[in-house]
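Open the model in your viewer and keep the sequence panel beside it. The tour goes from one selection to the next and says what to look for at each stop.

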Amino acid sequence: MKQKKIPMRKCILSQEMKPKREMLRVVRSKEGDIAVDPTGKANGRGAYVSMDLSIIEKARKKKRLEQFFEADTERLNPIYDELIRLVYRSMIPK
């Protein structure tokens, strides 16, 4: 039986390659709206972020998403908060 290929993505914050399922996607639409895309299927320019609180906090301090999406901090603070919320949600056992 053929083994299924696992899609890998590179985290824009830590520069690590990880399976797509272990990452969160942030997307900028053609209209310029930036949002977290938990489904990974929204249209627009996407960036993958590791589901690691320490990496997200370091990125917030260094303004990595601001650099990547060429946006101001005021627009991206809710995105950082949403990423942290999703990481906490993933840590809760089901």
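**Stop 1: strand 3**

Select residues 23-28, which make up strand 3. The model is a predicted one. Five of the six residues of this strand are buried, so strand 3 is largely enclosed by the rest of the structure. In a regular strand, side chains alternate between the two faces of the sheet.

Add residues 45-50, which are strand 5. Strand 3 and strand 5 run antiparallel and are joined by six bridges. To find one of the partners, pick Arg28 in strand 3: its bridge partner in strand 5 is Arg45.

Now add residues 34-37, strand 4. Strand 4 is also antiparallel to strand 3, with four bridges joining the two. Here Val26 has Val36 of strand 4 as its bridge partner.

**Stop 2: the turn between strand 3 and strand 4**

How many residues lie between the two strands of this hairpin? There are five residues between strand 3 and strand 4. Select Gly32 in the turn, where phi is positive, at about 100 degrees.

Next select Asp33, which is in the loop between strand 3 and strand 4. Is Asp33 buried or exposed? Its relative accessibility is 52%, so Asp33 counts as exposed; the cut-off for exposed is over 50%. Show Arg75 as well: Asp33 and Arg75 are 42 residues apart in sequence, while their C-alpha atoms are 9.2 Å apart in space. Leaving out residues up to four places away in sequence, Asp33 touches Val27, Arg28 and Arg75.

**Stop 3: helix 3**

Select residues 73-91, the 19 residues of helix 3. At 1.5 Å a residue this helix should span 27 Å, and its end C-alpha atoms are 27 Å apart, which agrees.

Colour the buried residues of helix 3: Leu76, Ile79, Tyr80, Leu83, Ile84, Leu86 and Val87. Turn the view to look down the helix axis. These buried residues cover an arc of only 160 degrees around the axis, which puts them on the same side of helix 3. What do they pack against? The buried residues of helix 3 pack against strand 3, strand 4, strand 5, helix 1 (53-62) and helix 2 (64-69).

**Stop 4: Leu83 and the core**

Stay in helix 3 and select Leu83. Leu83 has a relative accessible area of 0%, so it is buried. Apart from neighbours within four places in sequence, Leu83 is in contact with Leu24, Val26, Val36, Val49, Ile56 and Leu65. Show Arg25 too: Leu83 and Arg25 are 58 residues apart in sequence, with C-alpha atoms 9.2 Å apart in space.

Leu83 is also part of the largest nonpolar core, which has 24 residues. The residues with the most contacts inside this core are Val49, Leu65, Ile79 and Leu83. Strand 3, strand 4, strand 5, helix 1, helix 2 and helix 3 each give two or more residues to the core. Which element gives the most? Helix 3 does, with seven residues.

Select Leu65 to see the core from another of its members. Not counting residues up to four places away in sequence, Leu65 touches Ile12, Val49, Glu70, Leu76, Ile79, Tyr80 and Leu83.

**Stop 5: Glu70 and Gln15**

Glu70 appeared in the contacts of Leu65, so select Glu70 next. Glu70 lies in the loop between helix 2 and helix 3. With 72% relative accessibility, Glu70 counts as exposed. Its phi is near 50 degrees, a positive value in a residue other than glycine.

Gln15 also has a positive phi without being glycine, and its value is near 65 degrees. Look for Gln15 in the loop between strand 1 (8-10) and strand 2 (17-19). Gln15 has 42% relative accessibility and counts as partly exposed.

**Stop 6: two aromatic rings**

Finish with the side chains of Phe68 and Phe69, which form an aromatic pair. The count of aromatic pairs comes to one. How are the two rings arranged? The pair is edge-to-face, with ring centres 5.0 Å apart and 90 degrees between the planes. Phe68 is partly exposed, at 26% relative accessibility, whereas Phe69 is buried, with a relative accessible area of 2%.

Methods. Residues numbered from 1 in each chain as written. Predicted model: local features only at pLDDT ≥ 70, side-chain atom pairs only at ≥ 80, totals over all residues. Heavy atoms only, no water. Phe/Tyr/Trp six-rings, centres within 6.5 Å; stacked < 30°, edge-to-face > 60°. Buried < 20%, exposed > 50% of the residue type's maximum accessible area, 1.4 Å probe, protein only. Pairing = 2+ DSSP bridges. Expected span 1.5 Å × (residues − 1). Arc of directions from axis to C-beta. Contact = heavy atoms within 4.5 Å. Core = buried A, V, L, I, M, F, W, Y, C linked by side-chain atoms within 4.5 Å.
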